[in-house]
Protein chains: 2
Amino acid sequence: MDRIKPRTLSGFMELLPRRQVQFDRMVEILRKTYALYGFTPLDTPAIEASEVLLAKGGGETEKQIYRFTKGGPDLPLRFDLTVPLAKYVALHSGELTFPFRRFQIGKVYRGERAQRGRFREFYQADIDVIGDGNLDIVNEAEIPSIIYQTFTALGLKRFQIRLNNRKILNGLFALLGLKEHAGDVMRTIDKLEKIGPEKVKAALGEDFGVPAATAEELLTLLSTAEPMAALAGYRGRNALLDQGVEELSTVVQYLSAFGVPQDHYKVDLTIARGLDYYTGTVYETAMLDHPEIGSICSGGRYDNLAEYYTSKQLPGVGISIGLTRLFFVLEDQKYLNEDLLTAPADVLVLPMTEDLSPAISLATRLRAAGIRTQLYTEHKKFKQKIGYADKLGIPYVVFLGEDEIQSGQAAVKDMATGEQLTQSAEEAIARIRAGLAQRNAGAPIQDRQ
Amino acid sequence: MDRIKPRTLSGFMELLPRRQVQFDRMVEILRKTYALYGFTPLDTPAIEASEVLLAKGGGETEKQIYRFTKGGPDLPLRFDLTVPLAKYVALHSGELTFPFRRFQIGKVYRGERAQRGRFREFYQADIDVIGDGNLDIVNEAEIPSIIYQTFTALGLKRFQIRLNNRKILNGLFALLGLKEHAGDVMRTIDKLEKIGPEKVKAALGEDFGVPAATAEELLTLLSTAEPMAALAGYRGRNALLDQGVEELSTVVQYLSAFGVPQDHYKVDLTIARGLDYYTGTVYETAMLDHPEIGSICSGGRYDNLAEYYTSKQLPGVGISIGLTRLFFVLEDQKYLNEDLLTAPADVLVLPMTEDLSPAISLATRLRAAGIRTQLYTEHKKFKQKIGYADKLGIPYVVFLGEDEIQSGQAAVKDMATGEQLTQSAEEAIARIRAGLAQRNAGAPIQDRQ
């Protein structure tokens with residue numbers, strides 16, 4: 001028989017069981033944290049009508065969309081979770097209650113050039129709060145507190161949330177006579193960390209005719225260590241700038257009420273976010289020991305979520321975590337807590353008698369107590385059976401022979417310590433539960449402190 | 001501005017928030033139940049290399065595959081979770097431990113003709129146990145016990161698991177001189193419930209030249225009320241048939257040890273399962289009050305999971321639930337338990353003072369106690385704020401005014417009873433927890449009994 005060589009496409013993450021458990025544990029923490037803040041889970045199709053998905057049109061992303069035809073019009077795969085959200089809210093607005101708070105964790109697709117750590121299929125984990133006409137500024141302060149809670153729950157410690165407000169940038173640009181190039185200047189500023197101030201200054205001058213002195217003033221202000229103090233000097237000169245400064249002050253002021261420690265956030269006027277649709281507060285999140293990987297959680301405030309689909313004014317604020325890439329980095333940089341249980345079962349039951357009924361009953365009893373139990377019935381040598389538990393990292397093995405069955409007990413071996421005790425089912429359950437609680441304590445990420 | 005009409009493609013399920021919570025609750029129960037039996041979670045790409053996905057080639061499914069090109073070879077979307085599993089196991093066999101037990105709950109794609117209750121994107125929830133060279137028959141008895149546990153945990157009561165063994169059918173075919181048409185005869189038998197015995201008999205005669213008496217004998221045997229007794233009369237006439245009868249007896253014998261009640265399973269010799277690759281026990285699961293929807297969980301034993309990719313002999317046994325269709329039917333037939341909480345939050349905190357800090361602190365405290373809490377800060381009239389909780393079905397509303405803050409208490413209203421109490425945070429947490437436990441008791445499916 002001619003065989004096909006099995007392979008997984010490059011740019012598509014496929015994890016071995018142990019890693020998958022670690023990934024799923026992170027997803028579970030995200031779901032739980034988002035739910036604690038009153039976000040409802042959402043799931044939308046991976047395929048959308050092309051005119052819907054491409055309503056905004058143009059741009060870099062369009063080139064990366066996977067499109068195909070199947071007996072009709074072309075059908076593209078979603079490239080983010082924001083466009084499907086906009087469609088969802090516009091389509092179902094009559095049946096939703098606003099502010100509408102949703103989280104969505106799902107796969108998105110981009111035909112990027114394949115390279116290490118870049119994925120063509122990847123999970124995004126998004127939250128958004130959408131208002132109907134209005135949305136209070138407090139939401140813009142709550143979002144970074146959720147970022148803080150989320151990464152803290154995951155076990156990350158050395159991270160910093162960076163905040164800015166697009167009104168400040170747009171106000172400054174207007175003040176410095178750069179209004180007509182605002183978008184381009186914003187995108188150039190966004191590259192500051194990547195290409196450095198000199199190249200940005202040069203680009204501003206060459207590409208948009210910004211005078212050297214203006215570029216100098218702009219970059220000095222943006223990079224100052226005390227941005228709020230520096231901005232005070234511009235007060236009263238531009239309404240938009242004033243509004244941005246006020247919003248940013250309000251957000252920062254609430255941050256401590258929301259319990260975000262001072263060393264976990266910073267106002268950074270160089271944060272611009274490339275996307276056009278942000279209009280207020282913007283966020284990025286840096287891993288302090290790995291600035292090279294860029295922002296691990298970004299987002300911001302927008303005035304019009306679904307303008308391409310509806311005349312309804314739907315302002316909102318949201319963030320997105322690129323989960324697949326984050327997981328790749330965490331594994332690559334040895335951040336994953338390898339002590340946590342990744343075995344498919346907590347207990348392996350090894351029947352030592354012909355009649356399996358007592359083993360099946362015990363397994364049923366353990367499962368009823370919430371203990372993940374596998375019955376092992378393959379015809380192998382004893383050593384191979386134990387080796388199975390060992391290879392998979394199953395923490396407890398239960399032997400059930402004639403003697404144990406007669407006495408209504410079981411021989412329960414702790415695979416880590418080697419300690420084997422003959423116990424009743426209740427004793428075994430208590431011992432196993434205590435051991436599991438200990439082994440499962442701790443977060444999925446192990447960060448330096 | 002020209003606007004695009006928002007729409008979701010037909011054949012793609014998109015749920016409103018309340019329904020999504022119900023769907024997710026079912027997924028959560030499946031994950032938990034599968035995990036209790038020692039299955040490890042797996043996730044594989046939705047897109048696979050075309051030569052990998054189509055290794056088996058031909059068939060009905062190939063016409064339904066979504067394929068597209070993106071700067072290179074064509075890339076098809078998976079149409080089930082079995083082919084990706086075969087690839088996964090063949091590709092990673094050196095890094096897996098056998099028997100390999102995995103569950104996977106994920107979206108698959110089929111370009112079916114759009115009709116009510118048929119989906120082009122749908123979730124499958126699969127479990128499989130894969131052996132390396134061998135796999136004990138006990139696994140074939142454990143699988144229906146997992147089906148039983150799963151549906152019972154979901155709240156379904158009126159269902160029945162139907163079992164057969166392909167060796168019995170193939171042995172009978174050989175005995176009756178139908179060996180060379182075995183596959184075709186099997187597929188014809190499979191239609192028995194759909195088209196009735198007369199049409200099956202006619203088809204067997206016309207299409208494969210089966211004599212009328214033979215067809216009669218076959219159908220009489222297959223439809224008998226006491227199949228095991230009837231099969232006893234065939235003992236010793238065909239080795240394959242004998243083996244099939246012995247396997248089926250063993251599986252049935254273990255079923256009661258595994259705790260499956262007698263009225264929840266039945267040997268049914270007409271169960272054939274269309275798929276070629278089953279070689280032993282096969283399963284279907286019927287909703288007793290809705291036979292018209294067909295099997296809600298099917299599967300069986302196969303000898304060779306990955307023969308298209310590897311010379312390794314990988315026998316296994318598995319089942320699949322078509323979750324999206326099942327959910328559609330459950331909703332359509334009013335099986336969903338509408339009493340369970342589907343609100344995005346357990347508590348809505350309404351600050352009544354300018355300073356939000358006390359409200360933020362209380363919300364933080366509630367969340368630390370595991371209570372899903374939303375802070376409501378929009379500038380609306382009091383009635384609208386209460387209406388927000390009401391519309392979303394949020395069970396508790398907390399008012400925090402000057403008086404409450406002064407006394408270190410909060411006014412906590414139970415929205416269902418209308419009872420409003422001024423309580424300390426600890427009292428409120430205890431009361432809310434007790435109320436939530438009551439509201440969340442019960443399964444997602446409410447079946448007649």
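This report walks through a predicted model of two chains, A and B, starting from one strand and moving out to the chain contact and a few backbone details.

**A covered strand and its neighbours**

Let us begin with strand E11 of chain B, residues 347-351, where five of the five residues are buried. Val347(B), Val349(B) and Pro351(B) point one way from the strand, while Leu348(B) and Leu350(B) point the other way. This fits a general pattern: side chains in a regular strand alternate between the two faces of the sheet.

E11(B) has parallel partners in strands E12 and E13 of chain B. With E12(B), residues 373-375, it shares three bridges, and Leu348(B) has Gln374(B) as its bridge partner there. With E13(B), residues 396-400, the parallel pairing runs over five bridges, and Val347(B) stands opposite Tyr396(B). Helix H14 of chain B, residues 357-368, joins the picture too: E11(B), H14(B) and E12(B) form a right-handed β-α-β unit.

**The nonpolar core**

Val349(B) turns up again in the largest nonpolar core, which has 260 residues. The residues with the most contacts inside this core are Val349(A), Val398(A), Val349(B) and Val398(B). Leaving aside residues up to four places away in sequence, Val349(A) touches several residues, among them Ala359(A), Leu362(A), Ala363(A), Leu375(A), Val398(A) and Leu400(A).

**Where the chains meet**

The contact between the chains takes 77 residues from chain A and 77 residues from chain B. On the side of chain B that touches chain A, helix H1 (residues 17-36) gives the largest share, with six residues. That side of chain B divides into 38 nonpolar, 18 polar and 21 charged residues.

**Backbone details worth a look**

Here are some backbone angles to find in the structure.

| Site | Feature | Angle |
|---|---|---|
| Phe98(A)–Pro99(A) | cis peptide bond | omega about -5 degrees |
| Phe98(B)–Pro99(B) | cis peptide bond | omega about -5 degrees |
| Lys334(A) | positive phi, residue other than glycine | phi near 60 degrees |
| Lys334(B) | positive phi, residue other than glycine | phi near 60 degrees |

Pro99(A) sits in the loop between helix H4 (82-92) and strand E4 (100-109) of chain A, and Pro99(B) lies in the loop between helix H4 (82-92) and strand E4 (100-109) of chain B. Lys334(A) is in the loop between helix H13 (323-332) and strand E11 (347-351) of chain A. Lys334(B) lies in the loop between helix H13 (323-332) and E11 of chain B.

Is Lys334(B) buried or exposed? Lys334(B) has 8 other C-beta atoms within 10 Å, so it is exposed, since the cut-off for exposed is 12 or fewer. Lys334(A) is likewise exposed, with 8 other C-beta atoms within 10 Å.

Notes:
Residues are numbered from 1 along each chain as its sequence is written. Chains are lettered from A and ligands numbered from 1 in the order in which they are written. This is a predicted model: local features need pLDDT of at least 70, side-chain atom pairs count only at pLDDT 80 or more; totals for chains, interfaces and linings use all residues. A residue is buried if 20 or more other C-beta atoms lie within 10 Å of its own, exposed if 12 or fewer, and partly exposed in between; C-beta atoms are placed from the backbone. Helices (H or I, at least four residues) and strands (E, at least two) are DSSP runs, numbered from the N terminus. Two strands pair if DSSP finds at least two bridges between them. A crossover is right-handed if, with the strands pointing away from the viewer, the path from the first strand over the helix to the second runs clockwise. Two residues are in contact if their C-beta atoms, placed from the backbone, lie within 7 Å. Ala, Val, Leu, Ile, Met, Phe, Trp, Tyr, Cys and Pro count as nonpolar, Asp, Glu, Lys and Arg as charged, and the others, Gly among them, as polar. A nonpolar core is a set of buried Ala, Val, Leu, Ile, Met, Phe, Trp, Tyr and Cys residues joined through C-beta atoms within 7 Å.
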